[in-house]
Amino acid sequence: MPKETIPAPLPGKIIRVHVETGTKVAEGDVICEIESMKMENPILTPVSGVINDISVSPDQVVNTGQTIAVIEY
Amino acid sequence: MFNKILIANRGEIAFRAVRECRELGIRSVAVYSDADADALFVKHADEAYSLGEPTATNSYLNMEKILDIAKRCEADAVYPGYGFLSENPKFVEACEQSGLNFIGPPSESMRRGKPKHRARQLMKTNGIPVTPGLDGAITSVSEMSEAIKAVADIGYPVIVKPSGAGGGIGMKAVNNQDELVAAMKYAESIGSSAFGVSAFYIEKYISRMKHIEFQILADKKGNVVHLGERECSVQRRFQKLIEEAPSPVMTPELRREMGETAVQVAKLLKYVNALTVEFIYSMDTGEYFFNEVNTRLQVEHPLTELITGINLVKEQIRIATGEELGYTQDDFQLRGWALECRINAEDPFKGFIPSPGKITAYQPPGGFGVRVDSGIYAGYTVPFYYDPLLVKLLTWGRNREEAIASMKRALAEFVVEGIKTNIPSHIVTLEDEVFEQGDYTTSFIEERGIVKKMRG
């Protein structure tokens, strides 16, 4: 099965993670939210599939491009 | 005069306060988080002390840390700026207890100004025009039938607002009784689930409105003046983007009337220092209504400085030392026109997603009538911990046309590289014919499809 890596589109702090390894997701589901410049930015999955790996946890600081999750679809 | 002022803020407003201290011969003290160690306000202050961890609650909102530094460095006053602790009456009281002068209003004046529905009540009782609406908050479903009767008197459309909410959440405008019932149930449920407060209130909905605010200065002796108005109707999601002074709809008669009302509001709050009184202005009827007060300096205050020649930050410091204003309402004459564009670190081509990061190139505009209030430079990294405001770009002209022409020219000159800014959306706004005519409302950005035009 092909894998899709989801990178952080902006730097910030992870405030909530909505999935774990094995969670089934549909395109457009919210994986996590990154707080940046006082705004909560939801990170959506671009494909439907299963979370193969979730690389972030709440309170973690991420940089642009850093892997957030890997999805098998 | 004070000997040493601690500046309890960051960014452009902290740098501004450092500048005024230098001119007044007062030592300035910056307090900064780890994320701001390289910021201009830290470099230029006479003394600078670390607040540690960047998160706002652990740094710029941490009263204990800030008051401890103020004590150790022997500051005699605290300058709050806007945001952070500037509207927190507990901080004002803590300053007073530590023997520090808070450069702003007394805590009692702040408490009279918030929450919003209490301030509305105080104003209404004293004859200040407020938006027609129900006097108290509605707290239970059983009161809904009374609400329906009351709304019939006010007339549709009305807006239902949850009492505990902020930022427009749970608010609904309704046009008939069925929609009203649905909106009340919605406000009650979202209020209790999201904010823990099921109460809500109902006001007449002003569909084509402008946001017009008056600048007030008041001294400790009870002298109060207004410095004219600013219009802040160009907004996106309740965030102001472009402001101007005067307002294009203002007449000398209306300014006198609204200005006197604003002065009366300040007196009802027993206010001292700089205050902004916000009004809703109906484009359909020409009526105005008290909306709320901001018990601090506003981001857009330089507009007023440009058309009055009064340095508001210096006035705030002077008033806090107990000096009298030394001028009366008749001493003021507004001169020319001023515009402000807020330059934010956000990507307008990607839904205004925040764009913090390292600035690789920076060339601000200049020339006649251009003012740049900024806290950034080439090589500076914009942290993601705080709000996205980078620069306040202002222009002044003898009239509105000149101010707009200068702003278009200034935006075209402005170079910021390495991060994205909202400059492209300002350029589209300034080209818009409704903006040019000046009769825009708070729905302007959506109604005129500004974001879409930028893409096209």
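Trainee: How many residues does the contact take from chain B and from chain A?
Mentor: This is a predicted model, and the contact in it is counted in residues on each side. Chain A gives twelve residues, and chain B gives 14 residues.

Trainee: How much area do chain B and chain A bury between them?
Mentor: The size of an interface is often given as the accessible area lost when the parts come together. Here 76% of that area is on carbon and sulfur atoms, and chain B and chain A bury about 950 Å² between them.

Trainee: Which three residues supply more than any other three of the area that chain B buries against chain A?
Mentor: Their share is 55% of what chain B buries against chain A. The three residues are B:Ile353, B:Pro354 and B:Phe384.

Trainee: How do the residues on the side of chain B that touches chain A divide into nonpolar, polar and charged?
Mentor: The charged group holds one residue and the polar group two. The nonpolar group holds eleven.

Trainee: How many salt bridges are there between chain B and chain A?
Mentor: Polar contact across the interface comes to one residue pair, with both residues at pLDDT 80 or more. For salt bridges between chain B and chain A the count is zero.

Trainee: Is A:Glu33 buried or exposed?
Mentor: A:Glu33 sits in strand S4 of chain A, residues 30–36. Its relative accessible area is 13%, and the cut-off for buried is under 20%. Therefore A:Glu33 is buried.

Trainee: Which side chain does A:Glu33 join in a polar contact of 2.4 Å?
Mentor: Leaving out residues up to four places away in sequence, A:Glu33 touches several residues, among them A:Lys13, A:Arg16, A:His18 and A:Pro42. The polar contact of 2.4 Å is with the side chain of A:His18.

Trainee: B:Tyr60 and B:Tyr386 form an aromatic pair; what is its geometry?
Mentor: A pair of aromatic rings is described by the distance of the centres and the angle of the planes. For B:Tyr60 and B:Tyr386 the centres are 5.5 Å apart and the planes are at 80°. The cut-off for edge-to-face is over 60 degrees, and this pair is edge-to-face.

Trainee: How far apart in sequence are the parts that B:Tyr60 and B:Tyr386 tie together?
Mentor: B:Tyr60 lies in the loop between strand S3 and helix H3 of chain B, and B:Tyr386 lies in the loop between strands S20 and S21 of chain B. Both residues are buried. They also belong to one aromatic cluster with B:Phe84, B:Phe384 and B:Tyr385. The pair ties together parts that are 326 residues apart in sequence.

Trainee: How far apart are B:Arg120 and B:Glu203, which form a salt bridge, in the chain?
Mentor: The closest N and O atoms of B:Arg120 and B:Glu203 are 3.4 Å apart. B:Arg120 is in helix H6 and B:Glu203 in strand S8 of chain B, and both are buried. Along the chain they are 83 residues apart.

Trainee: Which residue does B:Lys240 meet in a salt bridge?
Mentor: B:Lys240 is in strand S11 of chain B, and its partner is in the loop between strand S13 and helix H10, 60 residues apart. B:Lys240 counts as buried at 14% relative accessibility, and the partner counts as buried at 1%. The N to O distance is 2.9 Å, and the partner is B:Glu300.

Trainee: Which residue forms a salt bridge with B:Glu243?
Mentor: B:Glu243 lies in strand S11 and its partner in strand S14 of chain B, so the pair ties together parts 99 residues apart in sequence. B:Glu243 has 0% relative accessibility and counts as buried. The closest N and O atoms are 2.8 Å apart, and the partner is B:Arg342.

Trainee: Which parts of chain B do the buried residues of H4(B) pack against?
Mentor: The buried residues in helix H4 of chain B, residues 89–97, are B:Pro89, B:Phe91, B:Val92, B:Ala94 and B:Cys95. They pack against H3, strand S4, strand S5 and helix H5 of chain B.

Trainee: Which residue takes a positive phi just after H4(B)?
Mentor: At the start of H4(B), a side-chain oxygen of B:Asn88 comes within 2.9 Å of the backbone nitrogen of B:Lys90. Just after H4(B), the phi is about 75°, and the residue is B:Gly99.

Methods. Residues are numbered from 1 along each chain as its sequence is written. Chains are lettered from A and ligands numbered from 1 in the order in which they are written. This is a predicted model: local features need pLDDT of at least 70, side-chain atom pairs count only at pLDDT 80 or more; totals for chains, interfaces and linings use all residues. Side-chain values use heavy atoms; hydrogens and water are left out. Contact means heavy atoms within 4.5 Å. Buried area is the accessible area (1.4 Å probe) that two parts lose on being put together, summed over both. A salt bridge is a side-chain nitrogen of Lys or Arg within 4 Å of a carboxyl oxygen of Asp or Glu. A polar contact is a pair of N or O atoms within 3.5 Å; within protein, one must be able to donate a hydrogen and the other to accept it, and residues adjacent in sequence count only if both atoms are side-chain atoms. Ala, Val, Leu, Ile, Met, Phe, Trp, Tyr, Cys and Pro count as nonpolar, Asp, Glu, Lys and Arg as charged, and the others, Gly among them, as polar. Helices (H or I, at least four residues) and strands (E, at least two) are DSSP runs, numbered from the N terminus. Buried means under 20% relative accessible area, exposed over 50%, partly exposed in between (1.4 Å probe, protein chains only). Rings of Phe, Tyr and Trp (its six-membered ring) pair if their centres lie within 6.5 Å; planes under 30 degrees apart count as stacked, over 60 as edge-to-face and the rest as tilted.
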